[in-house]
Amino acid sequence: MPEFYPYNFGGLPPELSGLAASRYVVLPLPYEVTTSYGKGTKLGPKAIIEASRNMELYDEETDLTPCEAGIHTAEELLFPALDPKEMVRTVQEAVAHYLGLGKFVISLGGEHSLSFPAFAAHRGAHGELGVLQIDAHADLRDRYEGTPFHHACVMRRITGAARGVAQVGIRSLSREEADFLAERKEPWPLLWARECQGDDGWMDRALAALPEKVYLTVDLDGFDPSLVPCTGTPEPGGLSWYPALRLLRRLCRERTVVGMDVMELAPVGGHSASDFLAARLIYKVIAYLESGRK
Ligand SMILES: [Mn+2]
């Protein structure tokens, strides 16, 4: 019996979703331990995949059908031990495995702390990397609730290991983080959400800070909650859709994006717009990467 709607990103037939022939691997990471307020990011990966199966696969902007490059959806990673240190090891190994096969890995969270091991695996495979973060929160605390691997610390860990950083859409941080930002030796651009509107000059600042190879991490709460209401800790005044896409299109054209993650979707039944935005965002990045290839 042929499966009409295989359970994978895009609802793709076997010839477009098999591991060997796919350029992209979607890796679901249903891990959630340290979220601060709303729960449910564990269900994020499933909701993104579900939405993607109901998405048109032609991209009008690039005139491509990006899934023709092959998008394999890996089995959900399991986290029998919820210990953050163990999570870091598990995720780093899994991502490194697919990087070793030459795949472009798209990690789906889950809480944002997952981005550190995903980034670390990419750094191991590619050497020095810059990071573009889209997020409402700076996530620069050194430790939180007793662990350095809390989601509120993820960018502190990543910035410590990255060569160039740009933080985009930020509008929420603690005094401790503001002090850290003020005192850091080699400042990177932090584009406050209120700056990310009007003309696109802010994108130049973000891109100028990034080296040739870049890892992209998207916390969905970087978008305005009118677009993405379903996140654990929404903040008003976030990014709009088209400016975010223009930034990502430029990033894919002007730099080599080596990997990405999309974190913190906390789906709410009956409110699927957030799920669809996440799915479309991923598919747009694939479209931009593929259009750069021609
Ligand atoms: Mn955030």
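Where is the place of Glu145 in this structure? Glu145 sits in the loop between S4 and H5. Keep in mind as you look around that this is a predicted model.

**Two residues with positive phi**

Glu145 is not a glycine, yet its phi is positive, at about 50 degrees. Asp139 is another non-glycine residue with a positive phi, in this case near 55 degrees. You can find Asp139 in the loop between strand S4 (130-134) and helix H5 (154-161).

Are these residues buried or partly exposed? To be buried, a residue needs 20 or more other C-beta atoms within 10 Å of its own. Asp139 has 29 C-beta neighbours inside 10 Å, so Asp139 counts as buried. Glu145 has 13 other C-beta atoms within 10 Å, and therefore Glu145 is partly exposed. The table puts the values side by side.

| Residue | Phi | C-beta neighbours within 10 Å | Class |
|---|---|---|---|
| Asp139 | near 55 degrees | 29 C-beta atoms | buried |
| Glu145 | about 50 degrees | 13 C-beta atoms | partly exposed |

**Lys42 and its contacts**

Now turn to Lys42, in the loop between strand S1 (24-29) and helix H2 (44-52). Lys42 is partly exposed because it has 19 C-beta neighbours inside 10 Å, while the buried class begins at 20.

Which residues does Lys42 touch, not counting residues up to four places away in sequence? The contacts are Pro30, Tyr31, Glu32 and Gly110. Take Glu32 as one of them: Glu32 and Lys42 are 10 residues apart along the chain, and their C-alpha atoms are separated by 5.4 Å.

Gly110, another contact of Lys42, belongs to the loop between strand S3 (104-109) and helix H4 (115-126). The peptide bond that leads from Gly109 to Gly110 is cis, with omega near 10 degrees.

**The two sides of helix H7**

Finally, have a look at helix H7, which spans residues 201-208. Its buried residues are Met203, Ala206 and Leu207. Why do the buried residues of H7 line one face of the helix? Seen down the helix axis, they fall within an arc of 95 degrees, so they line one face.

What covers these buried residues? The cover includes S4, strand S5 (164-170), strand S6 (190-192) and helix H8 (241-254). Turned away from the buried side is a face of H7 that carries the exposed residues Gly201, Asp204 and Ala208. Try rotating the structure to view H7 down its axis: Met203, Ala206 and Leu207 are buried, whereas Gly201, Asp204 and Ala208 are exposed.

Technical notes. Residues numbered from 1 in each chain as written. Predicted model: local features only at pLDDT ≥ 70, side-chain atom pairs only at ≥ 80, totals over all residues. Helix = DSSP H or I, 4+ residues; strand = E, 2+ residues; numbered from the N terminus. Buried ≥ 20, exposed ≤ 12 C-beta atoms within 10 Å, placed from the backbone. Contact = placed C-beta atoms within 7 Å. Arc of directions from axis to C-beta.
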